[in-house]
Amino acid sequence: MPTNNLTQQQVTEAVRRHFGDLGEDVVSTLSAIIMAESGGRVDAVGDNFESGYQSEHSPARWDRGLAQINSQHNYDAARLISDVDYNLNAAREIYDSQGFDAWTTYRSGAYQQFVEAPVTNGETDTGVPVTGGSGSQTIPPDVDIEVLKT
């Protein structure tokens, strides 16, 4: 039985098929949005009435599938929660008309915890995250951390 949960890497690969022509920044951001929205669950269904965002009979009550496509857009509900490509095609149409602001987790910043390090020449940046001072930053992998501690 196939799993309905995708890893972040699998989400990124799927997003790249539908958004790759827009560049890696868009792919990375939308992949992070999707992970924040659905946790990579293909069959995720969000009830905006229960969460307090919509009224019980609102046409915008439900969010469905990987990219949490809202019911106000009138896509096939069953396909949104079973067909990754259908869901991401819907996401592309919505992105093309509204941009990232169509997703609550983008507007709230909740997606940022899922943004992956940039990929260069096929390798992921393995910098060391640090916090303190006025925020957090990543020390590049070629910097000697021991020197920074002194």
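Visitor: Is Tyr106 buried, partly exposed or exposed?
Guide: This is a predicted model, where local features need pLDDT of at least 70, side-chain atom pairs count only at pLDDT 80 or more, and totals for chains, interfaces and linings use all residues. Residues are numbered from 1 along each chain as its sequence is written, and side-chain values use heavy atoms, with hydrogens and water left out. Buried means under 20% relative accessible area, exposed over 50%, partly exposed in between (1.4 Å probe, protein chains only). Tyr106 has 28% relative accessibility, so the class is partly exposed.

Visitor: Is Phe100 buried or exposed?
Guide: Phe100 has a relative accessible area of 14%. The class is therefore buried.

Visitor: How many aromatic pairs does the structure hold?
Guide: Rings of Phe, Tyr and Trp (its six-membered ring) pair if their centres lie within 6.5 Å; planes under 30 degrees apart count as stacked, over 60 as edge-to-face and the rest as tilted. By that rule, the number of aromatic pairs is five.

Visitor: What kind of pair do Tyr75 and Tyr86 form?
Guide: Their centres are 6.2 Å apart. The planes meet at 85°, and the pair is edge-to-face.

Visitor: Is Tyr86 buried or exposed?
Guide: Tyr86 has a relative accessible area of 18%. Its partner Tyr75 is partly exposed at 23%, whereas Tyr86 is buried.

Visitor: What kind of pair do Phe100 and Tyr106 form?
Guide: The ring centres lie 5.1 Å apart. The planes are at 35°, so the pair is tilted.

Visitor: Which residues form one aromatic cluster?
Guide: Phe100 and Tyr106 both belong to the cluster. The full list is Phe19, Tyr95, Phe100, Tyr106 and Tyr111.
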